[in-house]
Amino acid sequence: MHRLILHLDMDAFFASVEELANPFLRGKPLVVCGDPAGRSVVSTASYAARPYGIHSGMSIAEARRRCPHAVFWPGDPEKYVHVSRRILEILKRFTSQVEPLSIDEAFFELTGQVATLEQAAAVARNMKTTIQREVGLTCTIGISRNKLLAKLASSQAKPDGLNVLPPEDFPARFHPQPVTVLWGIGEKTARRLETLDIRTVGELARTSPLRMKRIFGVFGELMVKMAQGIDHTPLSPYYDGPDEKSMGHEHTLRRDLPLGPELFRVLLRLTDQVGRRLRKAGRKGRTVTVKIRYSNMRTITRQRTFDQPTSDENAVYLAARTLLEQHGGGGRIRLVGVSVSLLTPDPDPPQNMMFRNDVKRETAIRTIDSVRDRFGEDAITRATIVRN
Ligand code: TTP
Ligand code: MG
C-alpha cells in the first residue's frame, strides 16, 4: 500500500499569532497564557522562550522563575480560532482530504493525487509558502506513507521545517531514539517500559507483541506496532456544513452537563433514534458526526468514518461516545447531537446473524482504532479546532 500522508503543525501557534498582531513582541521570549497574574498555565512559548525550558502546561510561576524577563501575554482564543480557520481554508485548496487534528494541526492524504514522496514534498513546500504569504506564519510539515510516520517526521523538523521520512529510513532514524518520541508514549509509560529494560524505539520494536499485550493490554500491541513504524489508521476527512444526505438528532439538555454517564445516556437515546431512522429508510452510513455545544455556546463537531457502512446503533454509539470522550472535555455541555452521513442503500436485511457477527468484528476493530486515537490524544492535551 503506497499512501502519501502529510502532517502539518503550525510553529508556536498562539505565540506566533500574537507576534504577528503585535510586532514589538517579535523575537522576544514570549509566553502566552490564560491570565498572566493568576494561577493559569503556559499555553505555549515562542521559540525564543524555549531555550529557558518553558513549555505548554507549565505553571506561570515556574515559567517566571526560568525566564524573569520573558513577556507574559494573555491569550485570545477567538483570534486563534479565526486564524486556524483561515489556514484550513487555504489548505483545502490543495486537497479535500484534510483531517484537522487540533487548532493548529492537520493530516492530508495525497494518495492518488501525486505518486512519489518527492512530489508530495513539492506540494508541502507550496503549502508552506502559501500560508507564509497569505497569513504570515510558519509551519512544519512531515511527509511519509502513514499518519504515524508523517507526524513523527514533522515533530523532528520544528520549527519551519519540511521532513520527508521514507518508511525504509524509519529504523535508522528512530530506533536509537527514546520511546517517548512515539505518538502517545509519555513519561509514565516510559517508566513502566524501563522496568522491562525497554528504553529505545528499537528495543520496543523487537519486543514480543504478545508479551506487551499481556502487560499493557491492547496498548501494548499498538506500542510495538508503532515502534515498527506500522500504522493503518485511515484519514477521517472533515466535511463542510450540513449534509443533506445525513440523518441525525440533537438534543438541548435541560441543564448543562459535564462529560459523564448522564450525558452518555442522552447520547445512547440519540444514537438509538438515528439507528432506527436509518433502518426504516433502508440505509447505512459510513460517517458518524458528533456535535457538542458548550455552556458558552462554543460549538464543535467531530467525526469518524468507518471502512464499511453501518446502520447498527451499537456501532454508531461506540463511535459517537469515543468522539465525545475525546473531544467533549472542554466544559459543561448544553447540546449534544449525533448524525450519520455518507449514506448508501442497505443491500441486506439488518436482522440476520451474519450482520450481527460482522458488526461485532467491526466494532472490535474500531475499538482498537479508538484506543489508538485516545492513546495519542492523552499525550497532547490541547485546544480543539472550532467548527460550527
Ligand atoms: P502545539 O502545536 O503543541 O504547540 P505550538 O504550536 O505552540 O508549538 P510547536 O511549534 O511545538 O507546534 O499546540 C498548538 C497550540 O495549542 C499552542 O500554540 C497553544 C495551544 N496549547 C495549549 O493551549 N495547551 C497545551 O497544553 C498545548 C500543548 C497547546
Ligand atoms: Mg504547533
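The buried residues of helix α7 are covered by parts of the chain that include α8 (201-205), α9 (209-216) and α10 (218-227). In this predicted model, helix α7 spans residues 187-194, and the residues in it that count as buried are T189, A190 and L193. Viewed down the axis of α7, these buried residues fall within an arc of 105 degrees, so they line one face of the helix. The general geometry of helices helps here: an α-helix has 3.6 residues a turn, so residues three or four places apart point the same way. On the other side of α7, by contrast, E187, K188 and R191 are exposed.

The loop that lies between α7 and α8 contains D197, a residue that has a positive phi of about 70 degrees although it is not a glycine. D197 counts as exposed because its relative accessibility is 52%, and the cut-off for that word is over 50%.

From this helix and its loop we can step back to the whole chain. The protein chain has 13 helices and 12 strands, and of its 388 residues 51% count as buried. Its accessible surface comes to about 18600 Å², and 53% of that surface belongs to carbon and sulfur atoms. If one takes the contacts between residues at least 6 apart in sequence, 67% of them join residues that are at least 24 apart.

Two buried serines show what such contacts look like for single residues. S154 lies in helix α5, which covers residues 147-155, and S154 is buried, with a relative accessible area of 2%. Although S154 and L8 are 146 residues apart in sequence, their C-alpha atoms are 7.0 Å apart in space. When its neighbours within four places in sequence are left aside, S154 is in contact with H7, T140, I141 and G142.

The other serine, S46, is found in a loop, the one between β3 (42-45) and α2 (60-66). S46 is buried too, with a relative accessible area of 3%. Not counting residues up to four places away in sequence, S46 touches A12, A15, E19, K28, P29 and L30. For one of these, K28, which is 18 residues away along the chain, the C-alpha atom is separated from that of S46 by 7.9 Å.

Further along the chain from S154 there is a point of backbone geometry to notice, for the peptide bond from K158 to P159 is cis, with omega near -10 degrees. P159 is found in the loop between α5 and β8 (162-164).

The next stop is a metal site. Which residues coordinate the magnesium ion (ligand 2)? They are D9 and D104, each through OD, and M10, through O, at 2.0 to 2.2 Å. Along the chain, the donors follow the spacing D-M-x93-D. The arrangement around the ion is octahedral because the 6 donor atoms subtend angles of 85 to 177 degrees. For comparison, the ideal angles for six octahedral donors are 90 or 180 degrees. As for the surroundings of the coordinating residues, D9 counts as buried because its relative accessibility is 14%, and M10 is buried as well, with a relative accessible area of 3%.

The last part of the tour concerns three strands, and strand β10, residues 283-294, is paired with two others. Strand β10 is joined by 11 bridges to strand β12 (residues 333-345), and these two strands run antiparallel. Within that pairing, T289 has S339 in β12 as its bridge partner. Strand β10 also pairs with strand β11 (residues 299-310) in the antiparallel sense, over 8 bridges, and here the bridge partner of I292 is I300 in β11. The hairpin of β10 and β11 has 4 residues between the strands, and in this hairpin M297 takes a positive phi near 75 degrees.

A positive phi also appears in strand β12, which is the place of L342. L342 is not a glycine, yet its phi is about 55 degrees. With a relative accessible area of 47%, L342 is partly exposed, which means that its value lies between the cut-offs of 20% for buried and 50% for exposed.

Key: Residues are numbered from 1 along each chain as its sequence is written. Chains are lettered from A and ligands numbered from 1 in the order in which they are written. This is a predicted model: local features need pLDDT of at least 70, side-chain atom pairs count only at pLDDT 80 or more; totals for chains, interfaces and linings use all residues. Side-chain values use heavy atoms; hydrogens and water are left out. Buried means under 20% relative accessible area, exposed over 50%, partly exposed in between (1.4 Å probe, protein chains only). Contact means heavy atoms within 4.5 Å. Accessible areas come from the Shrake-Rupley method with a 1.4 Å probe; for residues, only the protein chains shown count as cover. Two strands pair if DSSP finds at least two bridges between them. Donors are N, O and S atoms within 2.8 Å of the metal (3.2 Å for Na, K and Ca); water is not among the atoms, so sites may look incomplete. Four donors count as tetrahedral if all angles lie between 85 and 135 degrees; four count as square planar and six as octahedral if opposite donors are over 155 degrees apart and all others between 65 and 115; anything else is irregular. The arc is that of the directions from the helix axis to the C-beta atoms.
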